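Q: Could you take a close look at one of the chains here, and then walk me outward from there to whatever surrounds it? A connected account would be great.

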Amino acid sequence: MARPVYVTGIGMTPFRKKYDLTQAELAQQAVVTALRDAGFDSRKVEAVYSGSAWGGPLLGQRILRDLGMTGVPLVNIENACSSGSSALNQAWSAVAQGMYDAVLVIGSEKLSRFGSGALPLEDDDHEVRLGQIMPAVYAMRAQRYLHEFGGTPADLALVSVKNRKHAHLNEYAQFRDLLSVEEVLASRPVADPLTLLMSCPKADGAAALVITSERYRNDRSIEIRASSLTSGVFEDGIVDTTIDEITVRCAQETYEAAGIGPEDVDVAEVHDAFASAEVFYYEALGFCKQGEGLELLRSGATAIGGRIPVNPSGGLLSKGHPLGATGIAQIVEIAEHLRGEAGARQVKGAKVGLTHCTGGGIAGMDHGACTMHVLVR
Amino acid sequence: MLVKKLNEDSWKRLSDDQAVLLMSECKHCGKRNFPPLRFCPNCHTENPEKKEMSRLGTLYSFSRIHIPHKLYKAPYIVGYVDFPEGLRVFGQIRSDFEELRIGMKVATSVCRFGEGEEAVVAYCFVPAEKE
């Protein structure tokens, strides 16, 4: 039987277009914030899990060397956009199994290294060589979804508008100005029907968590009731891509492990890499039935103040998406809501929070990875 | 002029503008895959032979990409095509964007990308009535 595991310290940097700091320096800022938040002596940290997609070799050592925190087991983890949340899953697993009482999880990324345009994908992928890019993967799904269930690009734009309204209240988000549907639709086309303002911007950023057992739990600790990590299933046959199979599968495992259902979730941070994706995830996570995502969005249920607020932080669409940091920043956001410390964007009375982070583009899979966490006050 | 063939293990040129895709078909369990796989993902039987697929498929979805790719000038059109063999294949589509419709028939063709020494040829899809 697994032991209870807690998020005891949280820290993140604002997500910005570019920091004049190295990735290690940026991550150090998040680590120190998380340790202070936990009121935690860094010498009690027994192991470290560091997630990043592009951080390069020994990133965790480079982050922690200058903080005098090495000399413990330290693992560097790459799982594309799920790198940070995969690191958390490994940390959770180790504490749950009784290996450690206190571990540090870091997620960080510096995407400013790439300049503009879509993120590079692996050239050994046959689709990538023919011109596949991540925005197109999402765009083709969106196109098919609108064909099957009805709806227009203006409906998808509502996701960007809603999330920006949330980000307006979040100083850690990269973009905070309010948007209109017209502005979203009139922004530069990326991959039809998706425009620039329906696509998450790149960002530099870092986030860190102190994860503990009961031993170091304090009165602001938040329990991680479930942590799930899965990989994509290979499928090159004729399947329905309007259902995000990997998220559906991961959600089933997560809800079962947490002993809850989608109706019990008070607040969620989901992987809105593109506006259309958030709508797919409403359905895959069970917040509504298949084909009813746009209706749920239009009803206002997923805005702060609604039945199930989604991406109160402003989501990837407003914060930006520093891959490795994203999944950890989602936990920071949810922990703040469950502690009642989310300020102007507080989801009132939130007791159960969910995070969902998928990872990566690879031919023949929905996504390379999917991670979900259930946090409970 | 140097013309490189892209993803050359997965298609065969039939004429100037006609091509056919190649799949693997497991001799043990019958599982088909595109691009052809050396080991069957279902039973791990080794299948060195490739089979030709139908030339016509149905457009499952598509998008026009507006940001330049390191190999391709924007805009370019991509899509997923469903073949009678039960396989879905990604590729570029050469067509007037406004003419494309989900569910329309497309044919497997040959396209040249880029100019001069940089040029590559690869399979692509075109609306079937254009043939």
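**Chain B and its surroundings**

A: Read from one end of its sequence to the other, chain B runs β-β-β-β-β-β-β-β-β-β. In other words, the count is zero helices and ten strands. Keep in mind that this is a predicted model. For its 131 residues the globule rule gives 14 Å, and the radius of gyration of chain B is close to that at 15 Å, so chain B is as compact as a globular protein of that length. If you box up the C-alpha atoms of chain B along the principal axes, you get roughly 45 × 35 × 30 Å.

What about the inside? Of the 131 residues in chain B, 34% are buried. Looking at contacts in chain B with a separation of 6 or more, 46% are between residues 24 or more positions apart.

For a close-up, let's pick B:Val89, which sits in strand E8 (residues 87–93) of chain B. B:Val89 has 26 C-beta neighbours inside 10 Å, and 20 or more is what it takes to be buried, so B:Val89 counts as buried. Who does B:Val89 touch, once you skip the neighbours within four places in sequence? The list is B:Leu21, B:Phe34, B:Val81 and B:Phe83. To get a sense of sequence against space, try B:Lys12: 77 residues separate B:Lys12 from B:Val89 along the chain, while their C-alpha atoms are 15 Å apart.

Now step across to the partner. On the chain A side, 24 residues are in contact with 30 residues of chain B. Helix H4 (126–129), helix H5 (134–149) and strand E5 (189–191) of chain A are the elements that put two or more residues into that side. H5(A) gives the largest share, six residues. Sorted by class, the side of chain A that touches chain B holds twelve nonpolar, seven polar and five charged residues.

Moving further into chain A, you'll find it divided into domain 1 (5–114 + 204–222) and domain 2 (126–201 + 226–376). Taken over C-alpha atoms, the centres of domain 1 and domain 2 of chain A are 23 Å apart. Between these two domains of chain A, 35 residues of domain 1 are in contact with 32 residues of domain 2. On the domain 1 side, strand E1 (5–12), H3, strand E4 (102–110) and strand E7 (204–212) of chain A each supply at least two residues. The largest share there, seven residues, comes from H3(A). By class, that domain 1 side splits into 17 nonpolar, 13 polar and five charged residues.

H3(A) deserves one more look. Helix H3 (residues 83–96) of chain A packs with helix H12 (residues 323–339) of chain A at an angle of about 55°, and their axes are 5 Å apart. That angle makes H3(A) oblique to H12(A). Which residues meet there? From H3(A) come A:Ser83, A:Gly84, A:Ser85 and A:Leu88, and they face A:Leu323, A:Gly324, A:Ala325, A:Thr326, A:Gly327, A:Ile328 and A:Ile331 in H12(A). Class by class, the contact of H3(A) with H12(A) has five nonpolar and six polar residues, with no charged ones.

Notes
Residues are numbered from 1 along each chain as its sequence is written. Chains are lettered from A and ligands numbered from 1 in the order in which they are written. This is a predicted model: local features need pLDDT of at least 70, side-chain atom pairs count only at pLDDT 80 or more; totals for chains, interfaces and linings use all residues. Axes are lines fitted to C-alpha atoms, for helices over the stretch in contact, and angles run from 0 to 180 degrees between N-to-C directions. Helices (H or I, at least four residues) and strands (E, at least two) are DSSP runs, numbered from the N terminus. Angles under 35 degrees count as roughly parallel, over 145 as roughly antiparallel, 65 to 115 as roughly perpendicular and the rest as oblique. Two residues are in contact if their C-beta atoms, placed from the backbone, lie within 7 Å. Ala, Val, Leu, Ile, Met, Phe, Trp, Tyr, Cys and Pro count as nonpolar, Asp, Glu, Lys and Arg as charged, and the others, Gly among them, as polar. The radius of gyration is taken over C-alpha atoms; the globule rule is 2.2 Å times the number of residues to the power 0.38. A residue is buried if 20 or more other C-beta atoms lie within 10 Å of its own, exposed if 12 or fewer, and partly exposed in between; C-beta atoms are placed from the backbone. Domain bounds come from an automatic or database domain assignment.
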